[in-house]
Amino acid sequence: MSLRRATAEKPLRIVIVGGGTAGWMAASLMAHHWGARAQVTVLESPDIGIIGVGEGSTPQFKAFFDRLGIAEATWMPQCEATYKAGIRFVGWSARPGYESYFHPFTTALDSHTAPAFFFNSRARRTGRDVCAHGDRFFVSQRLAAMRLCPIPTDNFPFAIGYGYHFDATLVGRFLRSHATAKLGVTYLERTVASVRLAEDGSIAELVCDNGERFEGDVFVDASGFRGLLIQQALDEPFIAFADNLFNDRAVAIPTPREEGGGLSCETRSTALSAGWAWAIPLTNRTGNGYVYSSRYLSEEAAEAELRGHLGVGDEGAARHLSMNVGRVARSWVKNCLAAGLSQGFIEPLEATALHIVQATVEGFIAAYDASHGPDGGDAERDAFNERIGARYDGIRDYIVAHYRMNGRTDTPYWRDNAANQNLSDNLKAVMTAWFTGADMEAEIARLGIGGYYGALSWHCLLAGYGQFPDDAKMVPPEAGLPLADMAAIDDFISRCIRNFIDHDVAVTALSQVTK
């Protein structure tokens, strides 16, 4: 279909259905990028609640706020936000010495330690008795262990990747306020009752329950799992991931902030009987929940297990959620872009939900700006859909690996996950490379999947699980093998962390800036 160009004389009419974090991220990015060349309207139904469970991000969320020119001191205190250095996985492997591992965000310092980690892990994969647990090799892991803020002092000239923990509902409200006050976005409380299509199958207008009609050039579906536009109106097929990822339910119970010991800067994921429990530290509370499979556990049993894990008895209200895990075949159909849960959902194990929203909207903006060729934008749209689909599938494969490679045998859930053969060719290739002692960096580059999760992430996962030959089969490394100097690495990391301050102190200082 032909796409009209955005101009100041005739602005692009963008109508977004649904607020929440995804809708307001889309509104903010589009209004910021196109300015007077676009008229952005957000229609949010007062009758439909916001899921608001996702409370963690990858480092790309910092780039989002940087792009909008919003300082951390402006938004973080309003959203009960804290810093995040990475994710700690607890109990996913039963192998002694590998009961937990840390998945760090990348830093400029990794070039000094990651090659040694890669070499040692390959040496251990091929039977040498050497240290190959990723927790010893990365600054971010030490920062999290010592509850230090992952932002160095000014005299430390190395960039540290970090994400955030936050109240997702508050982030949505903050972005709504920013978009309407600073970016000229129109916000209306409306409930869309029906969608009228044009002759070419594109969306012509939205009809609200009060009879009001909204025409547009671009429609963004941020309506959540309903998929009001992309799935219901445009009938775009949904590709379910149920054969790859078993979890389809969650129960959340917040608890008061942990007293004493400082403020943690890591998300914690603890394996339970039929899934995993998250713990996310905010300034005012800890966000907790249990992601599980209804094939193995009832709602009542899941809530009881989570309460036992948290030690809260009957305290605190529980919120039960259903998850539709998978993605639509195409995120951009005709003049409709799906963003957020309407587009797809992969369980929040690696906090990728907002990352995908950001990549989707930014990718759409770039493709739309470039779509002025003779094909009217079809080539850019098709390439965009291929990239977004590949991103979903790449993230899915990495998440699936957490379950397929687990080292537990105590419940049917974990045994069935370990026996799951519904694996993509890419995941099979990665697993083969690991177990045959091949060069993981070269294999990931060959497969073209490093843009989703790179060699560092795959090494941390597989080494963190202790996916090595049996200890009894290990032999001492031969003389002359250029193994990691662990004493030197320990010293390097210890010297580096002297440039970081207490996480609690740093977050408290942010709130003082706004007063």
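Here is a short conversation about helix packing, sheets and a few single residues in this predicted model.

User: Let's start near the end of the chain. Why are helix 12 and helix 13 called roughly antiparallel?

Analyst: Happy to begin there. The axes of helix 12 (residues 425-435) and helix 13 (residues 440-447) cross at roughly 165°. Angles over 145 degrees count as roughly antiparallel, so that is the label for this pair. The two axes come within 9 Å, and the crossing is right-handed.

User: Which residues make that contact?

Analyst: Helix 12 brings Asn426, Ala429, Val430, Ala433 and Trp434, while helix 13 brings Met440, Glu443, Arg446 and Leu447. Sorted by class, this contact has 6 nonpolar, 1 polar and 2 charged residues.

User: What makes helix 1 and helix 6 roughly parallel to each other?

Analyst: The angle again. Helix 1 (residues 20-34) and helix 6 (residues 168-182) have axes that cross at roughly 25°. The limit for roughly parallel is under 35 degrees, and the pair is therefore given that name. Their axes come within 8 Å, and helix 1 passes helix 6 in a left-handed crossing.

User: Which residues of helix 1 and helix 6 meet?

Analyst: On the helix 1 side you will find Gly20, Thr21, Trp24, Met25 and Ser28. Facing them in helix 6 are Ala168, Val171, Gly172, Leu175, Arg176, Ala179 and Thr180. By class, the contact divides into 6 nonpolar, 5 polar and 1 charged. Gly counts as polar here, so Gly20 and Gly172 fall in that class.

User: On to the sheets. Why do strand 8 and strand 21 count as edges?

Analyst: The open sheet of 6 strands has the order 8-2-1-12-22-21. Strand 8 (186-189) and strand 21 (332-333) each have a single partner strand, so one side of each has no neighbour in the sheet. The pairing in this sheet is mixed.

User: How do you know that strand 12 is paired with strand 22?

Analyst: Pairing needs at least two bridges. Strand 12 (residues 218-221) and strand 22 (residues 336-338) are joined over 3 bridges, in the parallel sense. Within that pair, valine 220 stands opposite leucine 337, and phenylalanine 219 stands opposite cysteine 336.

User: And what pairs strand 1 with strand 12?

Analyst: Strand 1 (residues 12-17) and strand 12 share 4 bridges, and they too run in the parallel sense. Here valine 15 stands opposite phenylalanine 219.

User: Which way do the residues of strand 12 point, and are they buried or exposed?

Analyst: Val218 and Val220 point one way, with Phe219 and Asp221 pointing the other way. In a regular strand the side chains alternate between the two faces of the sheet. All four of these residues are buried, which means that each has under 20% relative accessible area.

User: What makes strand 9 and strand 11 edge strands in the other sheet?

Analyst: That open sheet has 3 strands in the order 9-10-11, with antiparallel pairing. Strand 9 (192-197) and strand 11 (213-215) each have a single partner strand, so one side of each is left free of a neighbour in the sheet. Neighbouring strands are turned by 20° against each other on average, direction ignored. Strand 10 (residues 203-208) is joined to strand 11 by 3 bridges, and leucine 206 stands opposite phenylalanine 214 there.

User: What is notable about the phi of glutamate 80?

Analyst: Phi of glutamate 80 is near 55°, a positive value in a residue other than glycine. Most residues other than glycine have a negative phi. Glutamate 80 sits in the loop between helix 3 (72-75) and strand 3 (82-84). Arginine 147 also has a positive phi of about 55°, and its place is the loop between helix 5 (139-145) and strand 6 (148-152).

User: Why is glutamate 80 called partly exposed?

Analyst: Its relative accessible area is 21%. Buried would need under 20% and exposed over 50%, so glutamate 80 lands in between as partly exposed.

User: How do you know that lysine 62 is partly exposed as well?

Analyst: By the same test: lysine 62 has a relative accessible area of 25%, and between 20% and 50% the term is partly exposed. Lysine 62 lies in helix 2 (residues 60-68) and touches Glu72, Tyr162 and Tyr164, not counting residues up to four places away in sequence.

Technical notes:
Residues are numbered from 1 along each chain as its sequence is written. This is a predicted model: local features need pLDDT of at least 70, side-chain atom pairs count only at pLDDT 80 or more; totals for chains, interfaces and linings use all residues. Side-chain values use heavy atoms; hydrogens and water are left out. Axes are lines fitted to C-alpha atoms, for helices over the stretch in contact, and angles run from 0 to 180 degrees between N-to-C directions. Helices (H or I, at least four residues) and strands (E, at least two) are DSSP runs, numbered from the N terminus. Angles under 35 degrees count as roughly parallel, over 145 as roughly antiparallel, 65 to 115 as roughly perpendicular and the rest as oblique. A crossing is left-handed if the near helix is turned anticlockwise from the far one by less than a right angle, and right-handed if clockwise. Contact means heavy atoms within 4.5 Å. Buried means under 20% relative accessible area, exposed over 50%, partly exposed in between (1.4 Å probe, protein chains only).
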